[in-house]
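Thanks, everyone, for making the time. Please have a look at the sequence and the structure on the screen, and then I will go through a few places in turn.

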Amino acid sequence: MNSEGPVARDIRARLQAAFAPVDLVIEDDSARHAGHHHKGGIDGRPGGETHINVRIVSEAFTGLSRLQRQRAVNACLAEALAGPVHALSVKAVTPAEN
């Protein structure tokens with residue numbers, strides 16, 4: 001059974017469609033940040049999914065710099081991240097770097 005919440009499931013679907021990853025790990029790290037203040041209010045909303053860590057391994061990142069990879073992932077997730085996600089941490093690597 002999949003224990004991912006709706007935000008993580010949306011992120012997973014978007015990243016799989018865009019990058020065909022050979023490995024993809026999505027972690028909800030919201031509990032570690034409960035009570036932190038930010039521009040939109042206070043984190044630690046019921047259900048979490050405010051702080052997300054992503055580790056994605058894909059051939060699509062071959063030849064791209066670290067910054068270009070980050071920008072590609074952020075662009076892919078821009079619409080999804082307009083909601084409750086306050087922070088996104090991304091580690092994007094190629095299979096050779098894995």
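Let me begin with a question: is the crossing of H1 and H2 left-handed or right-handed? Please keep in mind that this is a predicted model, and that the crossing of these two helices comes out as right-handed. Helix H1 covers residues 6-19 and helix H2 covers residues 66-77, and the two pack with their axes 9 Å apart, at an angle of about 125°. Because of that angle, H1 counts as oblique to H2. On the H1 side, the contact is made by Ile11, Arg14, Leu15, Ala18 and Phe19, while H2 brings in Ala72, Val73, Cys76 and Leu77. If we sort the residues of this contact by character, eight are nonpolar, none is polar and one is charged.

Ile11 also takes us to the next place, Leu81, which sits in the loop between H2 and strand S5, residues 87-93. Leu81 and Ile11 are 70 residues apart in sequence, and yet their C-alpha atoms are 8.6 Å apart in space. Once we leave aside the neighbours within four places in sequence, Leu81 is in contact with Ile11 and Leu88.

The last place is Thr50, in the loop that runs between strand S3, residues 41-42, and strand S4, residues 51-57. Is Thr50 buried or exposed? Its relative accessible area is 0%, and the cut-off for buried is under 20%, so Thr50 counts as buried. The side chain of Thr50 is also joined to the side chain of His51, through a polar contact of 3.0 Å.

Conventions
Residues are numbered from 1 along each chain as its sequence is written. This is a predicted model: local features need pLDDT of at least 70, side-chain atom pairs count only at pLDDT 80 or more; totals for chains, interfaces and linings use all residues. Side-chain values use heavy atoms; hydrogens and water are left out. Helices (H or I, at least four residues) and strands (E, at least two) are DSSP runs, numbered from the N terminus. Buried means under 20% relative accessible area, exposed over 50%, partly exposed in between (1.4 Å probe, protein chains only). A polar contact is a pair of N or O atoms within 3.5 Å; within protein, one must be able to donate a hydrogen and the other to accept it, and residues adjacent in sequence count only if both atoms are side-chain atoms. Axes are lines fitted to C-alpha atoms, for helices over the stretch in contact, and angles run from 0 to 180 degrees between N-to-C directions. Angles under 35 degrees count as roughly parallel, over 145 as roughly antiparallel, 65 to 115 as roughly perpendicular and the rest as oblique. A crossing is left-handed if the near helix is turned anticlockwise from the far one by less than a right angle, and right-handed if clockwise. Contact means heavy atoms within 4.5 Å. Ala, Val, Leu, Ile, Met, Phe, Trp, Tyr, Cys and Pro count as nonpolar, Asp, Glu, Lys and Arg as charged, and the others, Gly among them, as polar.
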